[in-house]
Amino acid sequence: MELPESCARMSDTEVGHPRATSIRETWRTRLIRWGFNLFPAYWGTGGRITYIAPDWLEVRVRLGLSWRTRNYVGTIFGGSLYGAVDPIYMVMLIKSLGPAYVVWDKAATIRFRKPGRETLYARFEIATQQLDAIRAELEGVAKIDRVFQVDLTSADGTVHASIEKTIHIARRDQEQGDRPVRHADSTMSHG
């Protein structure tokens, strides 16, 4: 059976990550990717999103060594390494879980393993089973934290940096009590 054009597999070079095949982007995810890459806060990292799966369960990022990302010693700046991957898991979960959930970055760590002297790649993946487990757990509790990990690797698979993200997830109907509430005098307090 032949797949429709929108579901056809793509070649490795089309998705911007070595040795990878994926489902073709939709026009919607392609437009979101372009907008994300032009957004000043992300554009400044030097990272580029090269692929967003139609279901948001896979995203790929490329980070090249350039005059904007080069540090004092001629390798990719640690801030660029982290900034290029920082928002991705949070946005993936927001898009995948939908409006009934609140998702926030809570904590992060980065371990620099090898200086980045070439283009690096990151592949973010969330399994549908992970989403099912999150939804199921949030049936019994108001909020949870999940830890996700991603590596920035060179084309040959060498790991240059490992990043761990702790993501806070809550049911929207339960999150109000943890959010700061603005009072008439413009001060903030936890309600």
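**Close-up views of the model**

**View 1. Phe36 is buried, with a relative accessible area of 18%.** Buried here means under 20% relative accessible area, exposed means over 50%, and partly exposed is what lies in between (1.4 Å probe, protein chains only). What you're looking at is a predicted model, in which local features need pLDDT of at least 70, side-chain atom pairs count only at pLDDT 80 or more, and totals for chains, interfaces and linings use all residues. Residues are numbered from 1 along each chain as its sequence is written, and side-chain values use heavy atoms, with hydrogens and water left out. Phe36 sits in helix 1; helices (H or I, at least four residues) and strands (E, at least two) are DSSP runs, numbered from the N terminus. Leaving aside residues up to four places away in sequence, Phe36 touches Tyr42, Ile49, Pro87, Ile88 and Val91, where touching is a contact, meaning heavy atoms within 4.5 Å. Take Ile49: it is 13 residues from Phe36 along the chain, and the two C-alpha atoms are separated by 7.6 Å.

**View 2. Trp27, Leu31 and Trp34 make a nonpolar surface patch of about 380 Å².** To join a patch, a residue needs over 30% relative accessible area and no salt bridge; like charges are joined within 9 Å and nonpolar side chains (Val, Leu, Ile, Met, Phe, Trp, Tyr) within 5 Å. The areas come from the Shrake-Rupley method with a 1.4 Å probe, and for residues only the protein chains shown count as cover. Trp34 belongs to helix 1, which covers residues 27-38. With 39% relative accessibility, Trp34 counts as partly exposed. In one and the same helix, then, you find the partly exposed Trp34 and the buried Phe36.

**View 3. Eight strands and six helices make up the secondary structure, and here is how they line up.** Walk along the sequence and the pattern reads α-α-β-β-α-α-β-β-α-β-β-α-β-β. The protein has 191 residues, and 41% of them count as buried. About 10800 Å² is exposed, with carbon and sulfur atoms supplying 56% of it. Among contacts with a separation of 6 or more, 61% come from residues 24 or more positions apart.

**View 4. Helix 4 (residues 88-97) packs against helix 5 (residues 128-140) at an angle of about 70 degrees.** Their axes are 11 Å apart; axes are lines fitted to C-alpha atoms, for helices over the stretch in contact, and angles run from 0 to 180 degrees between N-to-C directions. Helix 4 and helix 5 are therefore roughly perpendicular, a label for angles of 65 to 115 degrees, while under 35 counts as roughly parallel, over 145 as roughly antiparallel and the rest as oblique. Where do they meet? Leu93, Ser96 and Leu97 of helix 4 meet Leu131, Ile134 and Arg135 of helix 5. In helix 4, 8 of the 10 residues are buried, so the helix is largely enclosed by the rest of the structure. Among those buried residues are Ile88, Val91, Leu93 and Leu97. Right after helix 4 comes Gly98, with a positive phi near 95 degrees.

**View 5. Trp56 isn't a glycine, yet it has a positive phi of about 65 degrees.** Most residues other than glycine have a negative phi. Trp56 is in the loop between strand 1 (47-52) and strand 2 (58-63). Trp56 is also buried, at 9% relative accessible area.

**View 6. Glu58 and Arg123 form a salt bridge, with the closest N and O atoms 3.0 Å apart.** Glu58 lies in strand 2 and Arg123 in strand 4 (residues 120-125), so the pair ties together parts that are 65 residues apart in sequence. A salt bridge means a side-chain nitrogen of Lys or Arg within 4 Å of a carboxyl oxygen of Asp or Glu. Glu58 is buried (11%), whereas Arg123 is partly exposed (30%). A network of salt bridges links both of them with Arg60 and Glu125.

**View 7. Asp145 and Lys106 meet side chain to side chain in a salt bridge of 2.6 Å, N to O.** Asp145 is in strand 5 (residues 143-153) and Lys106 in strand 3 (residues 101-112), so this pair ties together parts 39 residues apart in sequence. Asp145 is partly exposed at 34%, while Lys106 is exposed at 53%.

**View 8. Asp173 pairs with Arg171 in a salt bridge, the closest N and O atoms being 3.3 Å apart.** Asp173 counts as exposed at 59% relative accessibility, but Arg171 counts as buried at 16%. Across the whole structure, a search finds 10 salt bridges.
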